[in-house]
Structures are given as C-alpha cells and as structure tokens.
Amino acid sequence: MSDLVTGEAVALELRPAKLPSRALAVLLDLAAAFAVYFLVMTGLIAATASLDEAALAAITVATFLLVLVGIPIAVETLTHGRSLGKLACGLRVVRDDGGPIRFRHALVRGGIGMIEILLTFGTVASIASLVSERGRRVGDVFGGTLVVRERVPGGRGGYVPAPPPWLAGRFSGLDLSGVPDELWLAVRQYLTRMSQLDPQVGAAMARRLAVELAGRTGADVPPGVPPAAFLAAVVNERQTRDARRAFAGDGGAGWGAVPVAGYPGPGYPGGPGYPGGGAQSVGGPGGVGSSGGAGPFAQPGGFAPPGAGAGAAAAPGGPAASGAVREPGGGGRPATGFAPPS
C-alpha cells in the first residue's frame with residue numbers, strides 16, 4: 001500500500017504498480033503506436049513521393065514525434081492517465097496526491113519518456129523503477145506522478161455507521177429533496193472513514209457537513225446531538241425511505257427488515273462512545289428497530305422505538321422477531337404493518 005496522505009489527513013489506499021506490469025503496459029502501448037506509425041508513414045510515402053530527401057526526412061521526424069510522443073500525451077491527458085496498455089493491465093497514472101493528472105503531467109512524462117524509454121530502449125526507465133520504492137521512473141519523478149493499480153483484490157468495504165437507538169426515527173419528518181447527490185456522497189465518505197481521521201480534523205469536518213446538511217433540509221441540528229451522529233441518523237433515514245420506495249410495488253407488505261450494517265469503529269466525535277457491533281434493521285412503515293439478538297444495543301426481546309412497524313423486533317415477552325412478521329390467522333401472509341382499531 002502507498003503511504004500517501006491527503007490534506008484532510010486521510011491515508012490513500014493506493015497500490016503502486018511495479019516493473020513487470022508497467023513494462024507490459026509500455027510494450028502494448030509501443031506496439032499500438034508503431035502500428036499507427038507504420039500505417040501513417042506508408043500513406044505519407046505514397047503521397048509525397050515527388051518530394052526531395054530533405055522534405056521526406058522532415059516529414060519522417062515530425063510524424064515520429066507526433067505519433068510516438070504527441071498522441072500518447074494526448075491520450076493520457078484525455079483519459080486521465082489510462083492509455084491502451086494501462087487499461088489492459090489495470091493501471092492508471094495519478095498525481096502524487098492521488099488526483100487525476102493534467103496536460104503538464106502527461107507532457108513531462110512523455111517528453112522524458114522519449115529519452116528513457118525510446119532512445120535507451122527502456123534501460124533507464126527499468127533501472128529507475130527497480131530502484132524506486134514505489135516503482136517510479138524518471139518521468140514520474142519530474143512530473144510528480146505515480147502509476148497505481150486499479151484492479152486489486154476486493155476487500156471488505158467501509159461501513160456507514162447506523163445511528164444510535166435513541167436517534168432512530170427522530171428525523172422522519174425531514175425534507176431531503178433539497179440535498180444534492182454531491183453532499184450525500186461527501187457525508188457517506190466521511191462516515192465510512194471517520195475512524196481514519198485525526199480527531200480534531202474529523203470533528204471539524206462533521207460540524208461543517210452537519211451545518212450544510214441542516215441548511216439543505218431546513219432543520220437545525222438538535223441540541224446535544226453530536227454532528228457525526230446527526231449525519232448518520234439522516235443518512236439512515238434516507239436509506240429507510242429508499243427501501244420503502246423499492247418495495248412499494250408490493251404495497252409495502254412482507255418486506256420485513258432491511259439490514260443496515262453496524263459500524264465496528266470508535267464512538268462519534270463529540271459524543272458518547274458508540275462501539276457499533278450488531279446489525280440494525282430498518283422496520284416497516286413507522287420506525288426503525290434493532291435486530292434483537294446481537295450487538296451492544298440489544299435488549300431482552302429486542303428494541304423497538306415507539307411507532308415501529310412490521311420490521312421492528314418484539315417487546316419483552318412478545319413473539320420472537322425473526323424474519324418478516326406474519327399476520328395472525330392470515331395463512332402465513334406477511335404482515336402489512338397495519339393494526340386495526342381495537
């Protein structure tokens with residue numbers, strides 16, 4: 001893994017590409033470039049047969065620079081670091097800080113690459129890549145770039161923390177239509193990686209995101225609620241609504257509990273400790289309930305806030321909450337969450 005750290009004190013999990021994969025990508029790029037160069041030169045020779053030797057030499061040099069240097073620079077700029085060979089090998093050129101490269105980065109890489117790859121047959125580039133800890137050649141050092149692997153073995157993704165039980169269903173009346181997708185993405189990225197942040201940096205980011213999210217929803221952060229817990233509760237409310245809409249085709253019946261992964265990290269910044277453990281389940285129309293059996297928030301028989309619907313766990317002494325709740329005497333039909341007047 002790379003030890004790159006962004007300005008927000010987040011460690012980037014980048015895998016630098018080593019010499020074998022980079023050499024294969026370069027060979028594929030050179031094969032494609034020389035094929036294009038051969039086709040272009042064949043057409044130019046046929047079209048400029050009447051020119052003298054000096055003109056032909058100038059056209060040859062210009063075509064060489066254009067096809068073998070100019071086109072690779074343009075391709076890396078337009079694709080943000082993915083040439084044909086890198087695409088086949090699952091590699092990408094990025095900046096030292098992990099961002100996408102621009103024209104100046106591709107220009108420095110291409111200009112120095114003509115010397116260390118084409119004119120020396122890759123000898124200088126191979127030695128520099130072997131010596132470098134992150135497999136960088138001379139063009140990467142001067143251009144401030146790094147070649148990383150995009151296709152890596154899949155690992156366990158980050159968890160979006162479930163809100164504390166005392167916040168479950170508290171924000172059911174919020175208007176979330178004015179929250180843009182960019183803000184949702186920023187909130188989710190913060191929640192999944194807040195355990196990797198410096199405590200002070202994480203608390204400041206949580207406050208900033210909470211203020212922005214509150215401004216978009218038209219409701220202030222409740223007093224005494226940590227900003228990170230507020231963010232988790234609002235995201236959980238959106239997930240609950242998305243789940244209801246997804247199962248609206250069945251009339252809301254029988255969708256039981258939608259699992260929301262518990263967060264195994266530390267407590268929320270600025271609030272009481274919240275060592276997430278067991279999964280929580282989003283109940284049917286009306287509330288959010290704990291999964292009843294596992295985790296530090298499990299209570300005897302499960303926890304069900306007031307107003308919980310079909311997905312909530314049973315109260316102490318009540319029926320076990322396993323799977324979807326069935327209507328009594330309904331022939332095994334799933335419950336709809338509607339309770340007739342007594």
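The following legends describe close-up views of a predicted model.

**Figure 1. Overview of the chain and its secondary structure.** The secondary structure of the predicted chain comprises 9 helices and 5 strands. Read from the N terminus, the elements follow the order α-α-α-β-α-α-α-β-α-α-α-β-β-β. The chain has 342 residues, of which 38% count as buried. Its exposed surface amounts to about 18300 Å², and carbon and sulfur atoms supply 63% of that area. Among contacts between residues at least 6 apart in sequence, 61% join residues at least 24 apart.

**Figure 2. The largest nonpolar core.** This core contains 28 residues, and the members that touch the most other members are V187, Y190, L191, L213, F230, L231 and V234. Helices α7 (181–193), α8 (199–217) and α9 (227–246) each supply at least two residues of this core. The helix that gives the most is α9, with 8 residues. A view centred on L231 shows contacts with V187, Y190, L191, A206, L209, A210 and L213, when residues up to four places away in sequence are not counted. Another core, of 10 residues, lies apart from this one; A17, A25, I73 and L91 are among its members.

**Figure 3. Strand β1 and its partner β2.** Strand β1 covers residues 91–95, and 4 of its 5 residues are buried, so the strand is largely enclosed by the rest of the structure. Strand β2 (residues 145–149) runs antiparallel to β1, and 5 bridges join the two. Within this pairing, L91 stands opposite R149 of β2. In a regular strand, side chains alternate between the two faces of the sheet.

**Figure 4. A nonpolar patch on the surface.** V36, V40, L66, I71 and V75 together make a nonpolar surface patch of about 360 Å². Helices α1 (19–47) and α2 (53–78) each supply at least two of the patch residues. The largest share, 3 residues, comes from α2. V36 is found in helix α1. Its relative accessibility is 38%; because this value falls between 20% and 50%, V36 counts as partly exposed.

**Figure 5. The surroundings of L56.** L56 lies in helix α2. With a relative accessibility of 30%, L56 counts as partly exposed. Leaving aside neighbours within four places in sequence, L56 is in contact with T48 and L51. The C-alpha atoms of L56 and I45 are 8.0 Å apart in space, while the two residues are 11 residues apart in sequence.

**Figure 6. The salt bridge between D140 and R22.** Side chains of opposite charge can pair when their charged atoms come close. A search of the whole structure finds 12 salt bridges. In one of these, the side chains of D140 and R22 meet at 2.8 Å, N to O. D140 belongs to helix α6 (residues 138–143) and R22 to helix α1, so the pair ties together parts that are 118 residues apart in sequence. Both D140 and R22 are buried.

**Figure 7. The salt bridge between E76 and K86.** E76 forms a salt bridge with K86, and the closest N and O atoms are 3.5 Å apart. E76 lies in helix α2 and K86 in helix α3 (residues 84–89), so the pair ties together parts that are 10 residues apart in sequence. E76 has a relative accessible area of 9% and is therefore buried. K86 likewise counts as buried, at 7% relative accessibility.

**Figure 8. The salt bridge between E116 and R137, and a network of salt bridges.** The side chains of E116 and R137 meet in a salt bridge at 2.3 Å, N to O. This pair links distant parts of the chain: E116 is in helix α4 (residues 103–119), whereas R137 is in the loop between α5 (123–131) and α6, and the two are 21 residues apart. Both E116 and R137 are buried. Elsewhere, salt bridges that share partners join R22, E76, K86, R109 and D140 into one network.

Note on methods. Residues numbered from 1 in each chain as written. Predicted model: local features only at pLDDT ≥ 70, side-chain atom pairs only at ≥ 80, totals over all residues. Heavy atoms only, no water. Core = buried A, V, L, I, M, F, W, Y, C linked by side-chain atoms within 4.5 Å. Buried < 20%, exposed > 50% of the residue type's maximum accessible area, 1.4 Å probe, protein only. Helix = DSSP H or I, 4+ residues; strand = E, 2+ residues; numbered from the N terminus. Contact = heavy atoms within 4.5 Å. Patch = residues over 30% accessible without salt bridge, like charges linked within 9 Å, V, L, I, M, F, W, Y side chains within 5 Å. Areas by Shrake-Rupley, 256 points an atom, 1.4 Å probe, with all protein chains shown as cover. Salt bridge = Lys/Arg side-chain N within 4 Å of Asp/Glu carboxyl O. Pairing = 2+ DSSP bridges.
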